[in-house]
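Reader: Got a minute to go through this one with me? I'd like to hop around a bit.

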Amino acid sequence: MTIGDQIIPFSPVPDTELSAIAKQLRRDIVTMISTAGSGHPGGSLSAVEIITALYFKIMRHCPSEPGWIERDRFILSKGHAAPALYAALAESGYFPVSELATLRKLGSRLQGHADRTATPGVEMSSGSLGQGLSFGVGTALAAGLNNKKYRVYVLIGGGECNEGQVWEAAMSAYHFKLDNMVAFIDHNELQLDGTNHDIMNIEPLGEKWSAFGWHTIEIDGHNFNEILSSLEEAKNIKGQPTAIVAHTIKGKGISYMENKVEFHGKAPNPEETKKALQELA
Amino acid sequence: MKIADISMRDAFFDALYDIARQDDRVMLLTGDFGAPSLDKFRTDLSRQYINAGVAEQNMVTIAAGLALSGKIVYIYSIAPFVTLRCFEQIKLDLCCMKLHVTAVGVGAGYSYSTSGPTHHATEDAAVMRILPGMTVYNPSDNIMVAAFAGMSYRDPGPKYIRLDREKFPLRYEEKHDFSDGLALLKRGKDMTIIASGMMVHQAFKVTEELLKHSIDAAIVDLYRLSPVNDNLLLQVMGKNKPVVTLAEDLVAGGIGSIVAEVMADNGCQSRLKRLGTENQYVFQYASRECLHSHLGLDVASITTGILRWLQ
C-alpha cells in the first residue's frame, strides 16, 4: 500500500499461515483452469510453495504499486505455470481474486501465458522456455548499475533446463557475480511428453548448477522450512548466484494429478474439479 | 578523422559514445566483438559496456532485463548473429514487450564476402522487418549512420540498424532529416531504381551506364525498411514508370518484396523488376566484386539486365 508518496511494502505473513495460503492458491489454480477449460495444472501445482514463500514471506513488493522501483523481482520463466503466478498476485492484492475466473477468456488480462504489458505484477512476458534466467541476469545487473538493493528470483522448470539458453544465462550470472539473484528449479521430474529421464536426462542437475559456478542447494520444494532456510542462506552468499534445486511433485496436492504427466497441459473435468476441491478443502 | 573517412561502425559508435557520455542509461552489449571505436566505450564508460560473450540469445534477453530496469540498450554483433541466431528472443523479449533496445549488426549483405554464408547477411533485413513494432534502418552513408545513433536513442521501441563494412561516399548533408524513411537522390524521367545500403552507390554507377543508352533513371534510397513510408514511396516512384529494386539480399522478402507489397496494396500498375540474390547461398569465398559478378549484381550485369528488361 501507499501512504502519500510513501510505499508501504506487503507485510510478510507468519510462517504458520503459509500452508493455508498455499492451499488457497491450489484451489484458485484448479478452479481457474477448470473454468477456462484449458491450462497447465501439473507444473502450476508443483511450484505453489515456492511462489507462496516468495510473495507472502520473502519478497519486498507492493501490490498497489507494481512498478515500485525498489521491489524484489519474481520472474516466471516457466510461463505455462502462469495460473500459479496469477493466484499469488490476486491473493496478495495486485488485482481482485474474482478476476481469476477470466483466465484465458477473450479480453482478459490473464492469458494462458503471462503478458507483462497487460497484467499488473508480471515482470516478464514468458511462455517460450529458456529465457527467464537471461532476463533475470539483465535485471540483476541493472540493480548493481542503478545502486538498488532489490533481489531477483527466477523460477525455471526442470524440463526447461533442456534449453541451451538456460546455460548461457547460468554461465553469465556466475561471470557477473550476481549474488543478488536466485534461480529456483522446479524439479518435478516430468515434462510434457514423459519423464526427464526418458525425454532428455538433465541429471545430475544440482552438480550441473554447481559446475556452472552457482551456490547450489537441494531442497524439498514443498517444505516451507527448507524453502525459507535456503533463501536465508542465499542472502548470505557473496560473489555468486544461488541455485535452489527444489524437488517437487507435479500436480502436488491433488491425488489423481500427482506425478501424472497427462496433467501437464490438461484441465480437470467438472467431476475431477469437484474431487480436487474436496481434497483441498 | 572526417566522418567520410571512417567505417560505418566507427561512425555509429563515435556518435553513440557522445550520447552515452551524456546519459548513463545508455548501455552497449557486445557478443564478444571488439573494434577500436569500442575501446573508448569500455575504458571511459566501463559501467555502460558489457561483453556478453559468444551467446547472442542470452545477450538479447539480458538487454530486455536491462531495458525494463531503465536502461537504453544497444546490442552489437555480426549481422546474422544478432538477428537470425536470436530471432525468437528478439520477437518475444524485445518486440512483444516493446522495449527500447537497438540491435546493431555489422556486415550488411556480402560485407563479409570471404566468410561464406555463415557471415553473409542476406535474409536478416527481410525477417526483421516483419516483426511488429520493429524499426529497421539500412543506412547508405555515415551521415545517416550517425543520425540513426541519435534517432535510436530518442525513439522508444525495438530497432535494427544494419551496418556495412565498407566506406562509401557521403550522399547526404549534415543535419539531414531522416524521418521520411526514404529519399529521392536523383531524378530521372524514364524509370526508377529503388536501392538500399551499399546498392545505392551501385545504382549511381548503373544510372551513368544507362544514360549512355539514353535511359534517364531516378534513384531512391529506401533506408528505412520498416515501417515503410508508403505514400512517399509511391510519390517518388512516379506514375507508370518502370521500377527496379536493387539489393544484395535474397530477393524473397527483401526490398523488392517491400516495393511489390506497397504497389499491390495501392493498385500501382507500374512494371517491377526485383534484382538481388536469387534463392541460393553463396559458397564463393572471394572479394565482394567477384561475388557481384557471380550473382549478376555487378554494374555491367545490372545495366544489361535492366536494358533487356525494358525492351
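Author: Sure, here is a quick walk through the sheets, helices, cores and domains of this predicted model.

Reader: Chain A first. What's the strand order in the open sheet of five strands, and how do they pair?

Author: The order is 3-4-5-9-8 in chain A, and the pairing is parallel.

Reader: Which strands stand at the edges?

Author: Strand 3 (73-76) and strand 8 (215-220) of chain A. Each has a single partner strand, so one side of each has no neighbour in the sheet. From one strand to the next, the twist averages 20°.

Reader: How many bridges join strand 5 and strand 9 of chain A?

Author: Six, between residues 181-187 and residues 242-247. As for a pair inside that ladder, D186(A) has A246(A) as its bridge partner.

Reader: What does helix 5 of chain A touch on the sheet?

Author: Strand 3, strand 4 (152-157) and strand 5 of chain A. Its direction makes about 170° with that of strand 4 of chain A.

Reader: Switching to a single residue: where is T119(A)?

Author: T119(A) is in the loop between helix 4 (82-92) and helix 5 (132-145) of chain A.

Reader: Buried or exposed?

Author: Buried: the relative accessibility of T119(A) is 2%, and the cut-off for buried is under 20%. Leaving aside neighbours within four places in sequence, T119(A) is in contact with Y86(A), F95(A), R109(A) and L110(A).

Reader: OK, cores. How many residues are in the largest nonpolar core, and which have the most contacts inside it?

Author: It has 75 residues, and those with the most contacts inside it are L133(A), W209(A), L29(B) and I75(B). Domain 1 (3-163) and domain 2 (183-310) of chain B both give residues to this core, so it lies between them. There's also a second, separate core of 66 residues, with F13(B), L16(B), M151(B) and L295(B) among them. In general, nonpolar side chains tend to be buried together in soluble globular proteins.

Reader: What is W209(A) in contact with?

Author: Not counting neighbours within four places in sequence, the contacts of W209(A) include L133(A), W167(A), W214(A) and V245(A).

Reader: Back to the domains of chain B. How far apart are their C-alpha centres?

Author: The centres of domain 1 and domain 2 of chain B lie 26 Å apart. At the contact between them, 26 residues of domain 1 meet 30 residues of domain 2.

Reader: And the open sheet in chain B, what's its order?

Author: Seven strands, ordered 2-1-3-4-6-5-10, with mixed pairing. Its edge strands are strand 2 (49-51) and strand 10 (224-226) of chain B, each pairing on one side only. Strand 1 (residues 26-30) runs parallel to strand 2 in chain B, and three bridges join them. T30(B) stands opposite N51(B) there.

Reader: What do the buried residues of helix 1 of chain B pack against?

Author: Strand 1, helix 2 (36-44), strand 3 (72-78), strand 4 (101-106), helix 6 (142-154) and strand 6 (159-163) of chain B. Those buried residues include F12(B), F13(B), L16(B) and Y17(B). Helix 1 has 15 residues and reaches 22 Å between its end C-alpha atoms, close to the 21 Å expected.

Reader: Which residues are buried in helix 6 of chain B?

Author: Among them are I143(B), M144(B), F148(B) and M151(B). What covers the buried residues of helix 6 includes helix 1, strand 5 (135-137) and strand 9 (217-221) of chain B. The 13 residues of helix 6 should span 18 Å, and its end C-alpha atoms are 19 Å apart, which agrees.

Key
Residues are numbered from 1 along each chain as its sequence is written. Chains are lettered from A and ligands numbered from 1 in the order in which they are written. This is a predicted model: local features need pLDDT of at least 70, side-chain atom pairs count only at pLDDT 80 or more; totals for chains, interfaces and linings use all residues. Side-chain values use heavy atoms; hydrogens and water are left out. Helices (H or I, at least four residues) and strands (E, at least two) are DSSP runs, numbered from the N terminus. Buried means under 20% relative accessible area, exposed over 50%, partly exposed in between (1.4 Å probe, protein chains only). Contact means heavy atoms within 4.5 Å. Two strands pair if DSSP finds at least two bridges between them. A nonpolar core is a set of buried Ala, Val, Leu, Ile, Met, Phe, Trp, Tyr and Cys residues joined through side-chain atoms within 4.5 Å. Domain bounds come from an automatic or database domain assignment. The expected span of a helix is 1.5 Å times one less than its number of residues. Axes are lines fitted to C-alpha atoms, for helices over the stretch in contact, and angles run from 0 to 180 degrees between N-to-C directions.
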